[in-house]
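Me: I would like to go through the reasoning behind some of the labels used for this model, setting each value against its criterion.

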Amino acid sequence: MTTPHHLVCGYCDGVPEEAMGVRRCRCVPAANRRVRYLTADLSAESFRASLSGRDLWRYQALLPAPRKFGSPLSVGGTPLLDLGLLPGDVHLHVKDETRNPSGSLKDRATEVALAVARNQGHDRVIAASTGNAGASLACIAAAQGMRATVVVPASAPRNKLTQIEAHGAELVTVDGSYDDAFDHAVEYAERTGTYCRNTGINPYVREGKKTAAFEIAEQLDWTAPTWVVVPCGDGNIISGIGTGFGQLTELGCLPAAPRLVAAQVASSNSITLTHELAVRQGEMPREPVVVRPRTVADSISVGRPRDHVGALRALRDSDGLAVAVDESEVRPAAQALARRFGLWLEPSAAVGYAALTRLQAAGTIRPGDVVVLLATGSGLKNPRPWEN
Ligand SMILES: Cc1ncc(COP(=O)(O)O)c(C=O)c1O
């Protein structure tokens, strides 16, 4: 059974008022809302006793829709690979999200958002995407018998576009950036009443992403690693991971949450800059620092993050860090993962390993630390990124 829940403002935690047909708070209208569960009747014991099944619906008690509205694709339940000790005695685990149905972590978000949509009676869905969320939407909508529209920048990697078309979704390419695609999808959804899965607007996508944190904790026998490294563009994945670990510590399933690392690339470093500003100011900026991204890491090439509030909150609450590596560090990281560990990831996902390497060299990640890298997307999605 799902626990009763309602939406609160992502910035101030207040109950948003109705404004222009959408329940958004006046404090930061663009802040994505958060799902708050009324967990008075839930304890660490009853939560653990409720766990059943192998996919993400195992965590039904803390999800916003009944599992009967989920797809039959078995999303989540991915392995946590124990890669042993790195030189310098850091214990490395990789959460292999490439094993999801469309090859990325985005399937967790889509699975939960589309279950909410079906529960609300929708049969048409739309999302803007740098590629992976769109491939995921196309895939899971097909399994759900829903009609999907995906809006992407024309520059999205060919294989991601092929995935979207293979699943029969309507593909709209915009001659512009992901930010342009985002606005286009919102306008279309508002005009036609189509259910919008856009990251940073839809509060339920975070609920799907948080299940990766639930699984990491469970796979480590209800202990927390020292660090979890998360490639970061819009900031919604790291927000989900922070939410997941936060809920587990609140329930008493974990003694403490891990420290989170937002891993970015130099030109697409909005979350890093905005986090630095938050630390200097002592409060979360209402607007993100806007940048002009230009990176091979296409999935995290974002100028104006749509969930900077969620990301900054996750960093604040976990005593986390944001790191932007140089563009030149991405390829060696991708090669090391593929050639040393057998993990072929897309460049955006490999950025986490580059960040780990940097933080280890700087002495921030230290001998004895346990690190989980989130392997967010498969190398098959963008196989020749340095030849485009
Ligand atoms: C493979 C991959 N890694 C990381 C991210 C970053 O997630 P977010 O934009 O929520 O920060 C994305 C988002 O598209 C992605 O596809």
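Me: This is a predicted model; which strands does helix 8 lie across, and at about what angle does helix 8 run to strand 13?

Reply: Helix 8, residues 270–281, lies across strand 12 (259–265) and strand 13, and its direction is at about 140° to that of strand 13.

Me: What makes strand 5 and strand 6 a pair?

Reply: Two strands pair if at least two bridges are found between them; strand 5 and strand 6 (residues 90–96) have five bridges, in the antiparallel sense, so they count as paired. One such bridge joins L85 to H91 in strand 6.

Me: In which order do the strands of the open sheet follow one another, and why do strand 5 and strand 13 stand at the edges?

Reply: The six strands are ordered 5-6-14-11-12-13, with mixed pairing. Strand 5 (80–86) and strand 13 (321–325) each have a single partner strand, so one side of each is left without a neighbour in the sheet. On average, neighbouring strands of this sheet are turned by 25° against each other, direction ignored.

Me: How do you know that T376 makes a polar contact with the ligand?

Reply: The criterion is a pair of N or O atoms within 3.5 Å; a polar side-chain atom of T376 lies 2.7 Å from a nitrogen atom of the ligand, so the pair qualifies. Backbone N or O atoms of G233 and D234 lie 2.7 Å and 2.8 Å, respectively, from an oxygen atom of the ligand. Of the 390 Å² that the ligand exposes when taken alone, the protein buries 98%.

Conventions. Residues are numbered from 1 along each chain as its sequence is written. This is a predicted model: local features need pLDDT of at least 70, side-chain atom pairs count only at pLDDT 80 or more; totals for chains, interfaces and linings use all residues. Side-chain values use heavy atoms; hydrogens and water are left out. Helices (H or I, at least four residues) and strands (E, at least two) are DSSP runs, numbered from the N terminus. Axes are lines fitted to C-alpha atoms, for helices over the stretch in contact, and angles run from 0 to 180 degrees between N-to-C directions. Contact means heavy atoms within 4.5 Å. A polar contact is a pair of N or O atoms within 3.5 Å; within protein, one must be able to donate a hydrogen and the other to accept it, and residues adjacent in sequence count only if both atoms are side-chain atoms. Accessible areas come from the Shrake-Rupley method with a 1.4 Å probe; for residues, only the protein chains shown count as cover.
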